[in-house]
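Student: I should like to learn how to read the features of a structural model. May we work through one together?

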Amino acid sequence: MKWPQPVGSLILVLLVVTLGFGTTLQRRSHASRVYVVMIENMKFTPAVVTISPGDTVEFKNADLVPHNVTERKAKLFDSGMISPNMNWKYLAEQPGKFGYHCIYHPDMTGSIIVGNVTDPTTSRDVGNLEVGGEF
Amino acid sequence: MKNIHCLAITAIAAVSFAFAHAQPNDAQIAAIVVAANQVDIDAGHLAAGKTSDSAVKKFADMMVTDHTSVNQSAVALVTRLKVTPEANDTSKSLEDGGEKNLAHLRTLSGVDFDRAYVDHEVAYHEQVIAALDNTLIPNAQNAELKALLVKVRPAFVQHLGHAKRLQAALK
């Protein structure tokens, strides 16, 4: 069966769009969620969050002093200064276990565990960083 | 070295005496909070510019950043509450003690400076935490002012722990 040329082109476009969308859905196989970590009383609460690739962790600074969120081993992510009443969001895309601390107050530590961790030492992609704002 | 330590302790003891005999109102508490933070900001600026020890500089920078931020919050709150800070014996004692500490630190250099600065930071934070617990928080009448004092306490406890670790490392 031979399709008229305009119809054939339309089917081709639809196929490309559908396949592309399918690939995206495969990568983001669950609805992305936002997890909140409060920075309060000089602590990260909860100190450990376990999330899935594509999820976001939002850090909210409710203390009176500035804080920071920096990956400990190689500074794979660094929030910069988070002023009081401001937030910072981290979109995690690849699996891995990422320990972090506040560079101003090194006693303050936490971890983000991004699901499907097979070999955390090889997980180097840190996902996308988003600019923070007031909360 | 003993003289250095004695001078720091004498200045702190004068402030302790003022705290112990005070039952301040909210306007006086506001002045005490601002003075206490400013004293440590000034010492931090001096230390950050004078020390050659990277750990001491990092600590001093943090003192400037944190106490400046606390003062900004305190000033914003009392401005909103229309409370005018009222100088009192305790705030004046803090300011005098801070000036004496700065004058003393300026006479020192090298590791003697670092030790004297950090010794004073340990004594200062111990004193301020005790003042928060025994004088400032119990006497604060306005709920928002009391909440601010409660909220700032964990930062001062963290500073004290950091200063004690530095003190041990410098011995």
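**Reading the contacts, the core and the strands**

Tutor: Let us begin with the interface of this predicted model. Ten residues of chain A are in contact with twelve residues of chain B.

Student: How do the residues on the side of chain A that touches chain B divide into nonpolar, polar and charged?

Tutor: That side of chain A comprises six nonpolar, two polar and two charged residues.

Student: How should one read a nonpolar core, and which residues have the most contacts inside the largest one?

Tutor: In soluble globular proteins, nonpolar side chains tend to be buried together. Here the largest nonpolar core has 59 residues, and Ile32(B) and Tyr117(B) have the most contacts inside it. Helix 2 of chain B, residues 26-50, gives the most to this core, namely eleven residues.

Student: Which residues does Tyr117(B) touch, if those up to four places away in sequence are not counted?

Tutor: With that exclusion, Tyr117(B) touches Ala43(B), Ala47(B), Val56(B) and Leu105(B).

Student: Let us turn to a strand. Which residues form the covered face of strand 7 of chain A, and which the uncovered one?

Tutor: Strand 7 spans residues 96-101 of chain A. Gly96(A), Phe98(A) and Tyr100(A) make up its covered face, whereas Lys97(A), Gly99(A) and His101(A) make up the uncovered one.

Student: In what sense do strand 7 and strand 8 of chain A pair, and over how many bridges?

Tutor: Strand 7 pairs with strand 8 (residues 109-114) in the antiparallel sense over six bridges, and Gly96(A) stands opposite Val114(A) of strand 8. Strand 5 (residues 70-71) of chain A also pairs with strand 7 in the antiparallel sense, over two bridges; there Thr70(A) stands opposite His101(A).

Notes. Residues numbered from 1 in each chain as written. Chains lettered and ligands numbered in written order. Predicted model: local features only at pLDDT ≥ 70, side-chain atom pairs only at ≥ 80, totals over all residues. Contact = placed C-beta atoms within 7 Å. Nonpolar A, V, L, I, M, F, W, Y, C, P; charged D, E, K, R; others polar. Core = buried A, V, L, I, M, F, W, Y, C linked by C-beta atoms within 7 Å. Buried ≥ 20, exposed ≤ 12 C-beta atoms within 10 Å, placed from the backbone. Helix = DSSP H or I, 4+ residues; strand = E, 2+ residues; numbered from the N terminus. Pairing = 2+ DSSP bridges.
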